[in-house]
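Here is a short briefing for a reader meeting this structure for the first time. Take a look at the model, then use the points below as a guide.

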Amino acid sequence: MEWAEVPLQWLAHLLAMGERDALVFALCLGVVLLAPLLASRLRIPGLVGLLVAGMLLGPSGFAILERDVFIERLGTIGLLFILGLAGLELDLHEFRRRRSASLIFGCVSFTLPQVLGTIIGLTWLSMSWPAALLLGSIFASHTLLTYPIAKRMGINSRDAVMIAVGATMVTDTAALLVLAGVAATVREGDLSPAVFTGLGISFGAFLAFTFFVLPRIAAWALRTLGSNPPAEFLLVVSLIFFGAWLSSVAGVAAMVGAFMTGLALNRLIPDQSTLMNRVQFVGSTLFIPFFLFSVGMLVDLQSLARDSQSWIIGAAMVLTVMVGKGLAAIIGGKLLGLSWDGSLTAFGLTLSQAAATLAVVLVGLEIEVFDQAVFNGALIMIFGTCVIASFITERYGRALAQSSHSTAGGSDLPQRLLIPLANPSTADDLMALSLLMRDKGSNEPISPLVVVRDEDGVENRVSEGERLLSHAVVHAAAAEVPVTPLIRVDTNVANAMVRAAKELRISTIVIGWHGHISAGERIFGSILDQVLEDAPPRVVVTRLVRPPPVCRRLVLAIPPFAQLEPGFRRSLILVRNMAQQLGVTVHLWCVGQDLHDESRKLIAPKEQVPVLGEAFGSWTQIRHRLFDSLREDDILVLLSAREGGVSWQPGLDRLPRMVASRQPKTNLVVMFAPLPTLERHQNDVATQRSPTAIQGSLFPRLSLRTIQQPQWQDAVADMVDVLPLNPGQRQTTAAELVSDIKRDTLRLAPGVVLVHTHSSQISQSTLLVGLHEEGISFPRLDDPVQVVLILVSRSLYARDHQEHLRRLAALARLAQDSERIQALRSASDDADIRDIIDAPITNSPPR
């Protein structure tokens, strides 16, 4: 017996003892964690590392794990999840804006490899027609594994890259349709017209339900659920798996249904939304790695070692896909006028094989049209194309980046958003709209603001404001967006907002409106009217009656001479951002053809979003059209002006209240141009240091406690005992914290809660960290809590409240770092806590 086999046999012996499923699951999670890390050290994709791990640990490797029902079902879930996520992540706007070019390139990129692969299957491998067609579809699809390379080089907005991205929808959809046809043919056993007729009818009914009925059900459900992140996540996942089942009922492979369902739900889930972030996180960390691991276990290492046929087939498959995709990129590039570097960059993007390829080859093995040698060869092809595609994209993408720079419309000025919050019921929607308007590449934080009137009971209202801001902080942190929460105490709410905007050099204020005004108020009400009169930056007033992602159309109304207002171009960029994230068409209505053409070019200089609409003869015609044509699922954006502006007219002031009265169920966004004084100082804004820089430690005093009590109330009381207060003061503080938890438990991350308060009796603000190994139950939380954070800030000076909010923001960002939280759970003393808490927190780039 070889010495290296001893620990492996010992591990296999352990699997036969005790609760086997628990150890198998723990071992699989360990593989999912370590395999991608080791692969990245070797500079190969993480998916290859998982495939290799499955080969080594599976039945044909060291036989540590069997591919039993448990792993098979997890693999099936992962397969459906990866295809559903592929449908959700496709950029439909990029496909629409270059519909013709993407269709041409996609058809060429699918047809040439499909034909070439089919010929090789029929001639060299002596396959049947169904098997040869399925083999060709393996080469015809592609996965954009090298897209992050193009994005890192700053060429992701170039035509060659965007056409390749748009072509993905064509190639993957066509490949999966080939799979559906072949699987149905093999199942029925013949190629009669009746088979294809029945399949066409059932699949057509499935597509009609998926693309016309299912999105409406999903939109209604998201609107009904409101702000309930767990329910939203479960809704999306359940619909993907329901679509997969429905597809199988229609006689088509379940994975095709998952992909089509993801496409149907694509528009409802913006790319930068918190919901998309959750779906991607769960898929990429659990289900998809299990699928890749289970596929690797299917590889027969013994046949690879003793039989050269798999290696010959693998090498031939790599050569075939390179020839097919290479010819397609060159021919497609010539047809579309791409440069040589652009064509080869598109080749690198479309060469790598992964998601659809794995799906097709796995089904081919299951329905017995592929043998083990073809399956092994396909995995060799995946490994080879991933490595070669990375090299080609890096080489020619760099040349493309050096040739010229993208001239897409944008602004070099920092985008700083201020979001005043007052109503907890609308705060989440207001934050969501602000994230939709935010530039993808911006590193500037958003700044939610609560203003408290300086009158009796101010301390209680400050506490309520901090609670509202803490939810806004968690909302932004979940979307991986930096946030700087603010609180102001002032006798005049509007003045406080204006001063905050000036101090932070804010570029846009996004503020909510209830939709009605009292007698004597001019436009929106006394506070908003004063902000419009005094605030230098752009002011965006919103009346949101439904979550923005459920809107199906964006109507933009532009008055005459609006192009002469300061910040006109930037306002249209905000509209473009909203339309791109929502996945909707912009219906542009303005006075005069010249203004219409200029606005259209600014909204979509490279047709990033579809723009429809027409030029009108007068503003009165537009106003009548609004009242006649607006729908409940629209979001209406009005470009307005402040009194005295070039484009101002009295009718602009009356229009918002008229829309709110006649269209009470339509979302309304009114954008007011910035004051000219702000435009004169924009160079200062561009060079000014970001206001989020923090000097020194935010937490002067830290304390670690190991929680022994099984009840959360006792745990809180025990943690508070370390505060430098007398027994009566500690008891009062604990009672306040318990009362806050009963009213609203703030969950920062799974297993992590935060409670915060103020005290005038302490000289230093203190962060208490409580750790419970097994976890304890907290109100309104389903999962047990292992980390309890209690923040007690002093309240001696006015600046203490702002420092408290900065601490909340820092803790929210920390909670999004899973490695930091794991280190926190393993801390043994106060020094460990200090090292973890005070380490620099780096924000991930926005999605």
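The points below go from the whole chain to the sheets, the helices and some single residues.

This is a predicted model. The protein has 33 helices and 15 strands. Of its 847 residues, 56% count as buried. The strands described here belong to two open sheets, one of 10 strands and one of five.

**Overall figures**
- The protein exposes about 35400 Å². Carbon and sulfur atoms supply 57% of that area.
- Take the contacts between residues at least 6 apart in sequence: 79% of them join residues at least 24 apart.

**The sheet of 10 strands**
- The strand order is S3-S2-S1-S4-S5-S10-S9-S6-S7-S8, and the pairing is mixed.
- Strand S3 (486-490) and strand S8 (611-616) stand at the edges. Each has a single partner strand, so one side of each is left without a neighbour in the sheet.
- Neighbouring strands here are turned by 20° against each other on average, direction ignored.
- Strand S6 (residues 553-558) and strand S9 (residues 634-640) run parallel, joined by five bridges. Leu-554 stands opposite Ile-635 in S9.

**Strand S5 and its two partners**
- Is strand S5 (residues 538-543) mostly covered or mostly open? It is mostly covered: six of its six residues are buried.
- Side chains in a regular strand alternate between the two faces of the sheet.
- In S5, both faces are covered. Arg-538, Val-540 and Thr-542 are buried on one side. Val-539, Val-541 and Arg-543 are buried on the other.
- Strand S4 (residues 508-512) runs parallel to S5, with five bridges joining them. Ile-511 has Val-541 in S5 as its bridge partner.
- Strand S10 (residues 667-672) pairs with S5 in the antiparallel sense, again over five bridges. Arg-543 has Leu-668 in S10 as its bridge partner.

**The sheet of five strands**
- The order is S11-S14-S15-S13-S12, with mixed pairing in an open sheet.
- Which strands stand at the edges? They are strand S11 (701-706) and strand S12 (746-749). Each has a single partner strand, so one side of each lacks a neighbour in the sheet.
- In this sheet, neighbouring strands are turned by 25° against each other on average, direction ignored.
- S12 pairs with strand S13 (residues 752-759) in the antiparallel sense, over three bridges. Arg-747 has Val-753 in S13 as its bridge partner.

**Helices on the sheet of five strands**
- Helix H32 (residues 818-825) lies across S13, strand S14 (766-776) and strand S15 (785-794). H32 runs at about 90° to S15.
- Helix H33 (residues 830-838) also packs on the sheet, touching S11 and S14. The direction of H33 makes about 120° with that of S11.

**A nonpolar surface patch**
- Ile-104, Leu-112, Leu-319, Val-323, Leu-327, Ile-331 and Leu-335 form a nonpolar patch on the surface. Together they have about 590 Å² of accessible area.
- Helix H6 (99-123) and helix H15 (309-336) are the elements that give two or more residues to the patch. H15 gives the most, with five residues.
- Leu-335 lies in H15. At 58% relative accessibility, Leu-335 counts as exposed.

**A buried serine**
- Ser-247 is found in helix H11 (residues 229-249). Ser-247 counts as buried, because its relative accessibility is 0%.
- What does Ser-247 touch, leaving out residues up to four places away in sequence? The contacts are Phe-206, Val-252, Ala-253, Ala-254, Val-256 and Gly-257.

**Two loop residues with positive phi**
- Most residues other than glycine have a negative phi.
- Ser-126 has a positive phi, near 55°. Ser-126 lies in the loop between H6 and helix H7 (129-140). With 59% relative accessibility, Ser-126 counts as exposed.
- Arg-505 has a positive phi of about 55°, although it is not a glycine. Arg-505 sits in the loop between helix H21 (493-503) and S4. With 28% relative accessibility, Arg-505 counts as partly exposed.

How values were computed: Residues numbered from 1 in each chain as written. Predicted model: local features only at pLDDT ≥ 70, side-chain atom pairs only at ≥ 80, totals over all residues. Heavy atoms only, no water. Pairing = 2+ DSSP bridges. Helix = DSSP H or I, 4+ residues; strand = E, 2+ residues; numbered from the N terminus. Axes fitted to C-alpha atoms, helices over the stretch in contact; angles between N-to-C directions. Contact = heavy atoms within 4.5 Å. Patch = residues over 30% accessible without salt bridge, like charges linked within 9 Å, V, L, I, M, F, W, Y side chains within 5 Å. Areas by Shrake-Rupley, 256 points an atom, 1.4 Å probe, with all protein chains shown as cover. Salt bridge = Lys/Arg side-chain N within 4 Å of Asp/Glu carboxyl O. Buried < 20%, exposed > 50% of the residue type's maximum accessible area, 1.4 Å probe, protein only.
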